[in-house]
Amino acid sequence: MQREDIALMKEQNVRGDVSLEYMATEYALEAESLCKVYRSRWRGREIAAVSNLTLCVPEGVKFGLLGPNGAGKTTFVKMLLSAVIPTSGAAKIFGRDASLAEARRPVGYLPENHRFPTYLSGAGMLDFYGALSGLGRSERNARIPELLKLVGLEGWGDVRIKKYSKGMLQRLGLAQALIHRPRLLILDEPTDGVDPVGRREIRDILNGLTGTGVTVFINSHLLAEVESFCDYVAILHHGTLALQGRISALVMGSGYAITASGLTDAVSVALQERALAAQRNGGGSLEIRVPTLEAANDAIDVIRGGGGLIESVRSESSSLEDVFIKATRQERAA
Amino acid sequence: MTNTVGVSNGRVLVALIADTFQEARARWLFWGLFALSTLLILLFLFVLKIDLVEGAVSLFGVESTTRMVDIHRFVITSYSWVSVVLYIWGTFLAIFASSGLIPSVLEPGRIALLLSKPVTRPMLLMGRYIGNVLIVGANHAYLICTIWLVIGVKTGIWEGRFLLSIAASLFIFSVLLCVVVFVGVVSESAALSVMVSVAIMLISTILGQRQLVVRLLSSEWSRQLWQALYWVVPKVYDLAAALRQLIVYDREADWFTPVWTSAIFGVAVLSAALYIFKRRDF
C-alpha cells in the first residue's frame with residue numbers, strides 16, 4: 001500500500017470510518033522507490049527487474065504479492081532480505097534499514113526452490129537455522145519438537161532430509177521459518193510443487209497464525225491461494241506496481257446487475273444507453289449491467305419513472321483472476 | 001545490548017563451523033583424507049619394526065639392511081618424509097577435499113535462506129573458512145601427533161620439532177584456502193578453485209628457485225618481474241625448505257619472511273573474496 005493510503009486509513013480510523021483492522025502502529029515492510037537493474041557483463045545491456053517500487057505492508061496483515069512469471073516478485077523479496085542489493089531506493093523492516101543484519105532478526109523466510117542441506121536431519125536443520133536466528137540451545141531444544149509436531153513431522157526429526165518428500169520439505173521449511181517466532185513471515189511460492197493435500201496442510205498451519213499478530217507476506221502466482229488466504233494484495237507486472245489494495249475491495253465494485261420487467265420500448269432504449277451490457281430474459285424482463293452505484297441509482301430512477309418493476313438489484317463481484325488479468329493488461333497497454 | 005549481540009555472533013559462528021564439519025562428514029573426500037592419514041599411521045604402527053638392541057629396521061617383516069642402522073637418523077628421516085608428504089600431498093588433498101565446501105553454500109536456494117538470517121555476509125563466509133581450516137587442522141594433528149607418539153614409544157626418541165610440521169602445513173593450507181574461497185565466490189566452481197590453488201603451489205615452487213633463475217635470465221626487466229612475482233605469491237617452497245632445515249638438521253631457518261609475505265597474500269585474497277561476496281546478488 002502507498003504511504004498516503006495508509007495515512008488516509010489511519011485518519012479514517014480516527015473518525016471511525018474504517019475498522020481497526022486497518023490500523024497499523026508500524027509497517028512490517030516499507031519499500032521506497034526500490035529499483036533493481038541488472039547489467040549484462042559483456043554487452044552492457046540493462047534490464048530493469050524492479051522499477052521505482054513503493055509499497056508498505058502494515059503490521060499484522062496477510063499480504064499477497066502477485067504477478068506473472070518474470071514480474072520481479074522474487075527480486076523484490078530478495079531485495080527486502082538483502083540477498084539482492086538494490087540499484088536505488090530503500091527498504092525497511094519494522095522501521096529498520098533492511099540491509100542491516102539485525103533488521104532481519106524478526107523475519108522468517110521460506111525461499112522458492114530452496115535447497116536445504118541434505119546431510120542434516122530434519123531436527124538438525126531446525127537446530128542450525130535456529131542458531132543462526134539467534135536462539136540459544138535450550139530454546140532450540142524446546143522449540144524443535146513443538147514445530148515438528150505443528151508441521152506434522154513428528155517422528156521424522158532424526159531422518160536425513162534427503163529422504164523427505166517435496167511436501168515434507170516444504171513443511172519443514174515452514175517450521176524453519178517459524179523457529180524463532182518471527183513477527184514477519186515471508187513465503188516465496190510456499191505451495192509450489194506441493195500436492196493438494198500438502199497445500200491444505202500448509203494453509204492450515206498459516207491459518208493457525210491468524211490473530212497472533214504475525215504479518216504474513218506471500219509471494220505467489222497462485223491467485224486462488226492468495227485470494228483465499230490474504231487480506232491485501234499487490235500485483236506486480238514488468239517490475240512495476242500494477243495494482244494494490246484490499247482484496248475484498250478489489251473483487252467488489254465491478255458493477256451492478258439490475259433486472260426489471262414491464263418496461264416500455266422507450267425505457268428499454270434509455271436503459272440500454274446507460275448500461276455496459278443488456279440482455280433480454282425469458283418472461284419479458286431485461287437485465288442490465290451498470291458500472292457504478294450512481295449509474296445503478298440512475299437506472300432505477302428511469303425504470304421507476306417509466307412505470308417498470310424492479311425484480312432484483314445485485315452487486316456484481318469479480319474474481320481476483322479477473323482483477324489480475326485486467327491489471328496486467330492495463331499495465332501492458334499503458 | 002553489545003553483549004547480547006556478541007553472544008549471538010559467537011553462537012552464529014559456532015553454528016556455521018559446526019555446519020561445515022557436518023557437511024565435511026557427509027563428503028567422501030574428507031573420509032578419504034582421514035583414511036590416508038590412518039593408513040600412514042598404521043604403516044608406522046604395524047608394518048615398520050624397529051629393533052633397538054640390534055639397531056635393525058624391518059618393513060613388512062623383511063629387514064631392510066643387514067648392517068646396524070642409526071636409529072636417531074632413521075627417526076629424523078621418517079619425520080622429514082612424513083612432513084614433506086603432509087606438506088605437499090596433504091595440502092593438495094586437503095584443497096581438493098575442501099574445494100566443494102564454498103560453492104555448495106552459494107547454491108541459489110541455500111544462500112538466499114542463509115542471507116535472510118540476522119547474520120552478516122562476512123560472518124557467513126568466515127564461518128565456512130574457519131570451519132574448513134579446523135577440519136584440516138584436526139586431520140593434520142591426528143596424523144602427526146599419532147606418528148610422533150608411535151615413533152616415540154617404539155624408539156624412545158621424542159623430537160618435539162616434528163610437531164611444527166602441523167603448524168607449517170596448516171598455515172600453507174590456510175593461505176591456499178583463501179584462494180579456494182576467492183575463486184569459489186567469483187566462479188562458484190570447485191574444479192576451478194582446485195586448478196588455481198594447485199597452479200599457485202606449482203608457480204610458487206618454480207619462483208622459489210629465484211637464486212638460480214635470476215642468474216639465468218638475460219634481461220633486467222625479466223629478472224625484476226621474477227623477483228616481483230616471487231614476493232607476491234605465497235612461499236610454498238621456501239616454507240617447505242625451512243621446515244626441512246629444522247626437522248632434519250635442527251637448524252634455525254628464515255621463517256619470518258616466507259610467513260609474513262604468505263600471510264599478506266592470504267589476507268589480501270580473503271579480503272577481496274569478502275568484498276566481492278558482500279556486493280554480490282544471489
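**Entry 1: two helices of chain A**

I count two residues as being in contact when heavy atoms of theirs lie within 4.5 Å of each other. With that in hand I looked up where helices α5(A) and α6(A) touch, keeping in mind that this is a predicted model. I found that Gln170(A), Arg171(A), Leu174(A) and Leu178(A) on the α5(A) side meet Glu201(A), Ile202(A), Ile205(A) and Leu206(A) on the α6(A) side. Helix α5 of chain A covers residues 166-178, and its axis comes within 10 Å of that of α6(A), the two crossing at roughly 15°. Angles under 35 degrees count as roughly parallel, and that makes α5(A) roughly parallel to α6(A). I also noted the hand of the crossing between α5(A) and α6(A), which is right-handed.

**Entry 2: chain A as a whole**

I then stepped back to the whole of chain A, whose secondary structure comes to 11 helices and 14 strands. Its C-alpha trace spans about 80 × 50 × 45 Å along the principal axes. Of the 334 residues in chain A, I noted that 52% are buried. For contacts in chain A with a separation of 6 or more, I found that 69% come from residues 24 or more positions apart.

**Entry 3: aromatic pairs**

How many aromatic pairs does a search of the whole structure find? I noted 12 over all chains. In the pair of Trp156(A) and Tyr164(A), the ring centres are 5.7 Å apart and the planes stand at 80°, so I entered the pair as edge-to-face. Trp156(A) is partly exposed, with a relative accessible area of 33%, whereas Tyr164(A), with 7%, is buried.

In chain B I looked up Phe34(B) and Tyr142(B), which form a stacked pair with 4.9 Å from centre to centre and 20° between the planes. Phe34(B) belongs to helix α2 (residues 28-47) and Tyr142(B) to helix α6 (residues 121-155) of chain B, so this pair ties together parts that are 108 residues apart in sequence. Phe34(B) is partly exposed at a relative accessible area of 35%, and Tyr142(B) also counts as partly exposed, at 28%.

Back in chain A, I found a cluster in which ring pairs link Phe63(A), Phe76(A) and Phe217(A).

**Entry 4: charges over rings**

I next looked for charged side chains placed over aromatic rings in chain A. Lys62(A) lies over the face of Phe229(A), 4.8 Å from the ring centre. At Tyr232(A), I found the charged end of Arg246(A) sitting over the ring, 5.5 Å from its centre.

**Entry 5: positive phi and a loop glycine**

Most residues other than glycine have a negative phi, and I therefore wrote down two residues that depart from this. Asn113(A) has a positive phi, near 50°, without being a glycine, and its place is in the loop between β6 (107-110) and α3 (122-132) of chain A. Glu189(A), likewise not a glycine, has a positive phi of about 50°, and I located it in the loop between β7 (184-188) and α6 (196-207) of chain A.

Which of these loop residues is buried and which is exposed? At 55% relative accessibility Asn113(A) counts as exposed, while Glu189(A), at 6%, counts as buried.

I looked at one more loop position, Gly70(A), which is found between β3 (62-66) and α2 (73-80) of chain A. Gly70(A) counts as exposed, with a relative accessibility of 74%. The C-alpha atoms of Gly70(A) and Glu112(A) are separated by 14 Å, the two residues being 42 apart along the chain.

**Entry 6: helices of chain B**

In chain B I began with helix α5 (residues 108-115), which is mostly covered, seven of its eight residues being buried. I listed the buried residues of α5(B) as Gly109(B), Arg110(B), Ile111(B), Ala112(B), Leu113(B), Leu114(B) and Leu115(B).

How do α7(B) and α11(B) run, roughly parallel or roughly antiparallel to each other? The axes of α7 (residues 164-187) and α11 (residues 236-249) of chain B come within 11 Å and cross at roughly 180°, and the two helices are therefore roughly antiparallel. On the α7(B) side of their contact I noted Leu164(B), Ser165(B), Ala168(B), Phe171(B) and Ile172(B), which meet Val236(B), Leu239(B), Leu243(B), Leu246(B) and Ile247(B) in α11(B).

Note on methods:
Residues numbered from 1 in each chain as written. Chains lettered and ligands numbered in written order. Predicted model: local features only at pLDDT ≥ 70, side-chain atom pairs only at ≥ 80, totals over all residues. Heavy atoms only, no water. Phe/Tyr/Trp six-rings, centres within 6.5 Å; stacked < 30°, edge-to-face > 60°. Buried < 20%, exposed > 50% of the residue type's maximum accessible area, 1.4 Å probe, protein only. Helix = DSSP H or I, 4+ residues; strand = E, 2+ residues; numbered from the N terminus. Lys NZ or Arg CZ within 6 Å of the ring centre and 35° of its normal. Axes fitted to C-alpha atoms, helices over the stretch in contact; angles between N-to-C directions. Parallel < 35°, antiparallel > 145°, perpendicular 65-115°, else oblique. Left-handed = near helix turned anticlockwise from the far one by under 90°.
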